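Thank you for making time for this today. I would like to walk you through one structure slowly, and I will ask a few questions along the way.

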Amino acid sequence: MTKNSFISVISHEKKEENRGSVEFQVFCFTNKIRRLTSHLELHKKDFASQKGLRKILGKRQRLLVYLSNKNRIRYKELISKLNIRELKTR
């Protein structure tokens with residue numbers, strides 16, 4: 001799924017581009033994570049990028065926890081659209 005198509009899906013729901021929404025932020029973080037992961041496959045000793053990846057993973061995880069607590073249905077839809085695993089429950 002491309003970035004523009006996802007923006008249009010969100011904007012049709014809200015009648016405007018809401019780039020501050022949790023779904024859009026999680027989508028952007030997921031793109032960064034995938035890009036950094038492919039970079040780290042080539043450059044295994046790039047420790048600065050590894051640290052950045054861990055930070056972005058933490059930010060995305062916090063947003064997903066927030067969304068799952070606020071609206072479980074939107075959380076499930078987002079997880080299925082982005083093909084990411086569900087959060088581990090404690």
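I will begin with the overall layout, then take up the helices, the core, the salt bridges and finally the largest pocket.

Please keep in mind throughout that what you see is a predicted model. The protein has 4 helices and 0 strands, and, if you follow the chain from the N terminus, the elements run α-α-α-α. There are 90 residues in the protein, and buried residues make up 32% of them.

Let me turn to helix 2, which covers residues 22-42 and so has 21 residues. From its first C-alpha to its last, helix 2 reaches 31 Å, which is close to the 30 Å expected at 1.5 Å a residue. Which residues of helix 2 are buried? They are Val22, Glu23, Phe24, Val26, Phe27, Phe29, Thr30, Ile33, Leu36 and Leu40. I would ask you to remember Glu23 from that list, since we will come back to that residue with the salt bridges.

From there it is natural to move on to the largest nonpolar core. In soluble globular proteins, nonpolar side chains tend to be buried together. In this model the largest nonpolar core has 17 residues, and the members that touch the most others are Val26, Leu64, Leu78 and Leu82. Helix 2, helix 3 and helix 4 each supply at least two residues of this core, and the largest share, 7 residues, comes from helix 2.

One more buried residue deserves a word while we are on the subject. Ile84 lies in the segment after helix 4, and, with a relative accessibility of 15%, Ile84 counts as buried because the cut-off is under 20%. Where the C-alpha atoms are concerned, Ile84 and Thr30 are separated by 8.7 Å, although the two residues are 54 residues apart along the chain.

Now to the charged side chains. How many salt bridges does the structure hold? It holds 3, and I will take them in turn.

The first one I would like to show you joins Arg74 and Glu23, whose closest N and O atoms are 2.5 Å apart. Arg74 lies in helix 4 and Glu23 in helix 2, so this pair ties together parts that are 51 residues apart in sequence. Are the two partners buried or exposed, or something in between? Glu23, at 12% relative accessibility, counts as buried, whereas Arg74, at 29%, counts as partly exposed.

The next salt bridge is where the side chains of Glu86 and Arg72 meet, at 3.2 Å from N to O. Glu86 lies in the segment after helix 4 while Arg72 lies in helix 4, so the pair ties together parts that are 14 residues apart in sequence. Both residues count as partly exposed, Glu86 at 40% relative accessibility and Arg72 at 41%.

The remaining salt bridge is formed by Lys76 with Glu86, and here the closest N and O atoms are 3.0 Å apart. Lys76 lies in helix 4 and Glu86 in the segment after helix 4, so this pair ties together parts that are 10 residues apart in sequence. The C-alpha atoms of Lys76 and Glu86 are separated by 8.3 Å, and Lys76 is partly exposed, with a relative accessible area of 39%. If we put these last pairs side by side, Glu86 appears in each of them, and Arg72, Lys76 and Glu86 are indeed linked in a network of salt bridges.

That brings me to the largest pocket, in which about 540 Å³ of space lies. Which residues lie nearest its centre? Of the 17 residues that line the largest pocket, Gln61, Arg85, Glu86, Leu87 and Lys88 are the ones nearest the centre, so Glu86, which we have just met in the salt-bridge network, turns up here again.

As for the helices, helix 3, residues 47-70, and helix 4, residues 72-82, each supply at least two residues of the lining. The largest share of that lining, 7 residues, comes from helix 3. By kind, the lining residues divide into 6 nonpolar, 5 polar and 6 charged.

To close, I would leave you with two places to look at in the model: the largest nonpolar core, with its largest share from helix 2, and the largest pocket, with its largest share of lining from helix 3.

Definitions and conventions. Residues are numbered from 1 along each chain as its sequence is written. This is a predicted model: local features need pLDDT of at least 70, side-chain atom pairs count only at pLDDT 80 or more; totals for chains, interfaces and linings use all residues. Side-chain values use heavy atoms; hydrogens and water are left out. The expected span of a helix is 1.5 Å times one less than its number of residues. Buried means under 20% relative accessible area, exposed over 50%, partly exposed in between (1.4 Å probe, protein chains only). On a 1 Å grid over the protein atoms alone, a cavity is a set of points where a 1.4 Å probe fits but cannot get out, and a pocket is an open set with protein on both sides within 12 Å along at least five of seven lines; lining residues have an atom within 4 Å of a point. Grid points are joined across faces, edges and corners, and a volume is the space filled by probe spheres set on the points. Ala, Val, Leu, Ile, Met, Phe, Trp, Tyr, Cys and Pro count as nonpolar, Asp, Glu, Lys and Arg as charged, and the others, Gly among them, as polar. A salt bridge is a side-chain nitrogen of Lys or Arg within 4 Å of a carboxyl oxygen of Asp or Glu. A nonpolar core is a set of buried Ala, Val, Leu, Ile, Met, Phe, Trp, Tyr and Cys residues joined through side-chain atoms within 4.5 Å.
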